[in-house]
Amino acid sequence: MTQTSAIAVDETLLAKVEAIAEQAGSVILDHYHGAPQMRTKADASPVTAADEAAEAVIIPALQALTPDVPVVSEEAVAAGHVPEVHGAANPSGRFWLVDPLDGTKEFIGRNGEFTVNIALIEKGRPLLGVVHIPALGTTYGGIVGSVARMRREGVTRTICTRDHPPDGAIVLSSRSHGDADALDSFLANERIGGHRIAGSALKFCLVAEGLADLYPRLGRTMEWDTAAGHAVVLAAGGCVKTLDGSDLVYGKPGFDNPHFVARGRSS
């Protein structure tokens, strides 16, 4: 069990965060089965009423669960609500990173590959992550160094990344984003066994579950896009590194990520 100054990061906490993500997912599905209400944010990315409704579930629930831990959430940040995650205002270095609806384009396109992402960060490193896929009724949860699991149709099982297949890695790429030429260049020295396209943080989960081996992201992402999936991959025995081999860390100015690659155990 990992211990912070105010909260035990254990399976009890993980179960509570999974429940929060699933509650938000239920709200998202109410919108998914109706007519999407969409507008464009200042950065030209889309946001729907479902994003905002899910965030309205998650933020108060996390604040009630851990009153002293700041919550950084995508839509709140877009509205100018950016809590202090460093320095005297937050000496523990712990904060929640939330994407209430990752894969808004997948949501609008109705392909089911959108997620609810909640991660707990401490001093720049993921400790715990939950990725819930409402349309698939599936939840991935992980505590780094402790447990990695998936629940579907009431059945929970342990997950882990797999060794690099002898016939080559299965590579994941984004359904809605990406640079094909940059990806081809990056993969030039990799042994590739196949490709798969998926949306949102589902790609991290496929690596964590051992259904794929390599997820290079060579385009723009924000920390709330990646933190929960990153935690699940770490918990399942994989890694997430920047292109120079450094660990991907959190709490950076502006919350922008560099390019990175998520890998299974030996890939």
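Begin by selecting R152, which stands opposite V155 in β11. The model in your viewer is a predicted one, so treat this as a walk through a prediction.

**Stop 1: the β10–β11 hairpin**

Widen the selection to both strands of this hairpin. β10 and β11 run antiparallel to each other, and four bridges pair them. Two residues sit between the strands, and in this hairpin E153 has a positive phi near 50°. Both strands also carry arginines that we will meet again: R149 lies in strand β10 (residues 147-152), and R157 lies in strand β11 (residues 155-158).

**Stop 2: from β10 to helix α1**

Now show the side chains of R149 and E11. They form a salt bridge in which the closest N and O atoms are 3.0 Å apart. E11 belongs to helix α1 (residues 11-32) and R149 to strand β10, so this pair ties together parts that are 138 residues apart in sequence. Is each partner buried or exposed, or something in between? E11 is partly exposed, at a relative accessible area of 45%, whereas R149 counts as buried at 12%.

**Stop 3: from β11 to the loop after α6**

Move to R157 and add E209. Their side chains meet in a salt bridge with an N to O distance of 2.5 Å. E209 sits in the loop between α6 (202-208) and β14 (214-217), while R157 is in β11, so the contact ties together parts that are 52 residues apart in sequence. Here the glutamate is the buried partner: E209 has a relative accessible area of 14%. R157, at 39% relative accessibility, counts as partly exposed.

**Stop 4: K252 and E223**

Next, select K252 together with E223. This is another salt bridge, with 2.9 Å between the closest N and O atoms. It links distant parts of the chain, 29 residues apart: K252 is in the loop between β15 (239-242) and β16 (260-263), and E223 is in helix α7. Both partners count as buried, K252 at 18% relative accessibility and E223 at 0%.

Before leaving the salt bridges, highlight E11, E18, E22, R149 and R151 together: salt bridges that share partners join these residues into one network. In the whole model, the count comes to 12 salt bridges.

**Stop 5: the surroundings of E223**

Go back to E223 and display its neighbours. Which residues does E223 touch, not counting those up to four places away in sequence? The contacts are L97, V249, Y250, G251, K252, F255, D256 and N257. K252, the salt-bridge partner from the previous stop, is therefore part of a wider set of neighbours around a residue with 0% relative accessible area.

**Stop 6: along helix α7**

E223 is also your way into α7, so select residues 223-235. The helix has 13 residues and reaches 18 Å from its first C-alpha to its last, close to the 18 Å expected at 1.5 Å a residue. Why is α7 largely enclosed by the rest of the structure? The reason is that 12 of its 13 residues are buried. Colour them to see this: E223, W224, D225, T226, A227, A228, G229, H230, A231, V232, V233 and A235 are buried.

**Last stop: G237**

Finish by stepping just past the end of α7 to G237, which takes a positive phi of about 100°. If you like, keep E153 on screen as well, the hairpin residue with a positive phi near 50°.

Technical notes
Residues numbered from 1 in each chain as written. Predicted model: local features only at pLDDT ≥ 70, side-chain atom pairs only at ≥ 80, totals over all residues. Heavy atoms only, no water. Expected span 1.5 Å × (residues − 1). Buried < 20%, exposed > 50% of the residue type's maximum accessible area, 1.4 Å probe, protein only. Salt bridge = Lys/Arg side-chain N within 4 Å of Asp/Glu carboxyl O. Contact = heavy atoms within 4.5 Å. Pairing = 2+ DSSP bridges.
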